[in-house]
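Biologist: Labels are easy to assign and harder to justify. I would like to go through some of them and hear what value stands behind each one.

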Amino acid sequence: MNNPETIAVLDFGGQYTQLIARRVREHSVHSVITGPMVTAEELRALNVAGIILSGGPASVYSDGAPRCRDELFEMNVPILGICYGMQLGCQVLGGDVRSAESREFGRTRLEVTSRDGILAHLPGTTDVWMSHGDIVTSVGGEFVSMARTASCPIAAVRHRTRPFVGVQFHPEVTHTPEGSLIVRNFLFEICGCKGDWRLGDVLEGTIAAIRQRVGPDERVICGLSGGVDSSVTAAMLQRAIGDRLVCVFVDNGLMRLGEVELVETTFRDHFKMELRVARAADRFLSRLDGVADPQEKRRIIGHVFIEVFQEEARRIPNARFLAQGTLYPDVVESGESVGGATAKIKLHHNVGGLPETLGFELIEPLRTLFKDEVRYLGEQLGLPHDLAWRHPFPGPGLAVRIIGPVTCEKLEIVRQADKIVTDEIVAAGWYPKISQAAAVLLPISTVGVMGDERTYQDQYVVAVRFVETTDFMTADWVHADYGMLGRISSRIINEVRQVNRVVYDISSKPPATIEWE
């Protein structure tokens, strides 16, 4: 599809900007992310059917707050403002925005007072996800107020004569149960979209772009971890350039039990890819010695990761490109945003700390995709179902599942605990019900009684974390079977030396993150 109807999402630095675009694509409508100062001419060239103004951390009345061009409101193209986007649209069109007396964060009860347009088919009251400190205080006679909450009297609006609607809450997150319906109302009832875009178009377009970019005598190194993202990246590259792909797996000593053997069997034997294993565990562990800060761990792992790749590249003739399975959640949480104002939450080895002397051109074919989209692409590329739907594993490995400094002893503890967790959820039939599972080693000692003796010194706590999510930008903790949790706890305490207590993490994202570090 050369120029599909498109929804442009203007990024004002919000953490959920790409998630908005993902929700649009779920309804088979193409979406793109643009900077806030995109011009009307540029949007027309994209064949926009509608515009969405994202949320963001700024206040619209502050000096230097990001804005869009007023000309966008003269295009006669439907515009949806979300959170900051609603405040900005209302301000541009004559409303007033001020700091709220009572901020709203988290689930909030919404009363719908006008069940039409963007709020058509919604119940009279529903839960929504709020995350704001400012509110629209007045809109004048040109607007119709459509919903309210206990703390926000104007929680949704529509303009009487212009195609602008706004919602103060976030319909794009899973914590807003009717959010998908709200997005659908905007796309089909307000914008008149056809819904004829398909994910397969992305696959074919990306493969074509790789073929065009990589010359006939050039080779691509793929950073293979064995996880879903790098596996799909490798499969996509193999389809695009065949045997000019060389996969490199870095054994950093931070992997799960049996991971190196699994990668070798899967990609060298099954997929017949050229696979080189770089044995670099000692180098990673030496550089991590005594490092407790999680951001510093990630920086160190990123730098060593690139060093190893550079060394491997010298042994591969004509290696010009480095391919990575970077996803958008990696990008947005690393502080890289089209709007330039996204808050940095964490660094990832594949998007943070890359040296200027990298020596490769990066190929990141999954950079604009979410995890579930990548899984579907993997199945289209012929990956086995179990591999395409394997739980994600953090790029820095078990280093970020050990709170505090990393040691060989702690790695062995968390490695064994992780294996028990995986074995038990598979045996209980819970693996497909859980989006990500983790065993985290905590740097605290607790009193216990083992073999009629008091234990305390050198006894650790393991935290078990299960989350359910579709996009990994928001997530809920899993209400897991008590019997399964009991078996996990019993096995870890009995089989893993130096663990005398197991706890279960019941935090959602936000405000927590999925990984502890």
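## Labels and their values

Modeller: With ring centres required to lie within 6.5 Å, the count comes to 7 aromatic pairs. The model is a predicted one.

Biologist: Why are F466 and Y504 given the name they have as a pair?

Modeller: Their ring centres are 5.6 Å apart, inside the limit of 6.5 Å, and their planes stand at 70°, over the 60 degrees needed, so the pair is edge-to-face. F466 belongs to strand β18 (residues 460-468) and Y504 to strand β20 (residues 499-504). With their positions 38 residues apart, the pair links distant parts of the chain.

Biologist: What else does V502 of β20 touch, leaving out residues up to four places away in sequence?

Modeller: V502 has V462, V464, S489, I492 and I493 as contacts. P432 is 70 residues from V502 along the chain, and the C-alpha atoms of the two are separated by 23 Å.

Biologist: How do you know how α8 and α9 run relative to each other?

Modeller: Helix α8 (residues 281-288) and helix α9 (residues 294-313) have axes that come within 10 Å and cross at roughly 150°. That angle is over 145 degrees, so α8 is roughly antiparallel to α9. The crossing is right-handed.

Biologist: Which residues make the contact of α8 and α9?

Modeller: From α8 come R283, F284, R287 and L288. From α9 come K297, I300, I301, H303, V304, F305, E307, V308 and E311. By class, this contact has 7 nonpolar, 1 polar and 5 charged residues.

Biologist: What makes the angle label of α5 and α11 what it is?

Modeller: Helix α5 (residues 199-213) packs on helix α11 (residues 371-380) at about 70°, and the axes are 10 Å apart. The value falls in the range of 65 to 115 degrees, and α5 and α11 are therefore roughly perpendicular to each other. This crossing, too, has a stated hand: right-handed. L199, G200 and L203 of α5 meet E373, Y376, L377 and Q380 of α11. These residues divide into 4 nonpolar, 2 polar and 1 charged.

Biologist: Now the sheets. What makes β12 and β14 edge strands?

Modeller: The sheet is open, with 5 strands in the order β12-β11-β10-β13-β14 and parallel pairing. β12 (274-279) and β14 (361-363) each pair on one side only. On average, neighbouring strands are turned by 30° against each other, direction ignored.

Biologist: How do you know that β13 and β14 count as paired?

Modeller: At least two bridges are needed, and β13 (residues 319-323) has 3 bridges with β14, in the parallel sense. Within this pairing, F321 stands opposite E361 of β14.

Biologist: Which helices lie on these strands?

Modeller: Helix α7 (residues 259-270) lies across β11 (245-251) and β12. Its direction is at about 165° to β12, which is over the 145 degrees that roughly antiparallel requires. α9 packs on the sheet as well, touching β10 (219-223), β11, β12 and β13. The angle of α9 with β11 is about 135°; that is outside each of the named ranges, so it counts as oblique.

Biologist: How is the sheet that holds β2 and β6 put together?

Modeller: That sheet is open too, with 9 strands in the order β2-β1-β3-β4-β9-β8-β7-β5-β6 and mixed pairing. Its edge strands are β2 (30-34) and β6 (125-138), each pairing on one side only. The average turn between neighbouring strands is 20°, direction ignored.

Biologist: How do you know that β1 and β2 are a pair?

Modeller: β1 (residues 6-10) and β2 share 5 bridges in the parallel sense, where at least two are needed. A8 stands opposite V32 in β2.

Biologist: What is the phi of H121, and where is H121 found?

Modeller: Phi of H121 is positive, about 70°, although the residue is not a glycine. H121 is in the loop between β5 (96-112) and β6.

Biologist: What omega does the peptide bond from K509 to P510 have?

Modeller: Omega is near -15°, and the bond is cis. The bond from P510 to P511 is also cis, with omega near 10°. P510 lies in the segment after β20, and P511 lies in the segment after β20 as well.

How values were computed
Residues numbered from 1 in each chain as written. Predicted model: local features only at pLDDT ≥ 70, side-chain atom pairs only at ≥ 80, totals over all residues. Heavy atoms only, no water. Axes fitted to C-alpha atoms, helices over the stretch in contact; angles between N-to-C directions. Helix = DSSP H or I, 4+ residues; strand = E, 2+ residues; numbered from the N terminus. Parallel < 35°, antiparallel > 145°, perpendicular 65-115°, else oblique. Left-handed = near helix turned anticlockwise from the far one by under 90°. Contact = heavy atoms within 4.5 Å. Nonpolar A, V, L, I, M, F, W, Y, C, P; charged D, E, K, R; others polar. Phe/Tyr/Trp six-rings, centres within 6.5 Å; stacked < 30°, edge-to-face > 60°.
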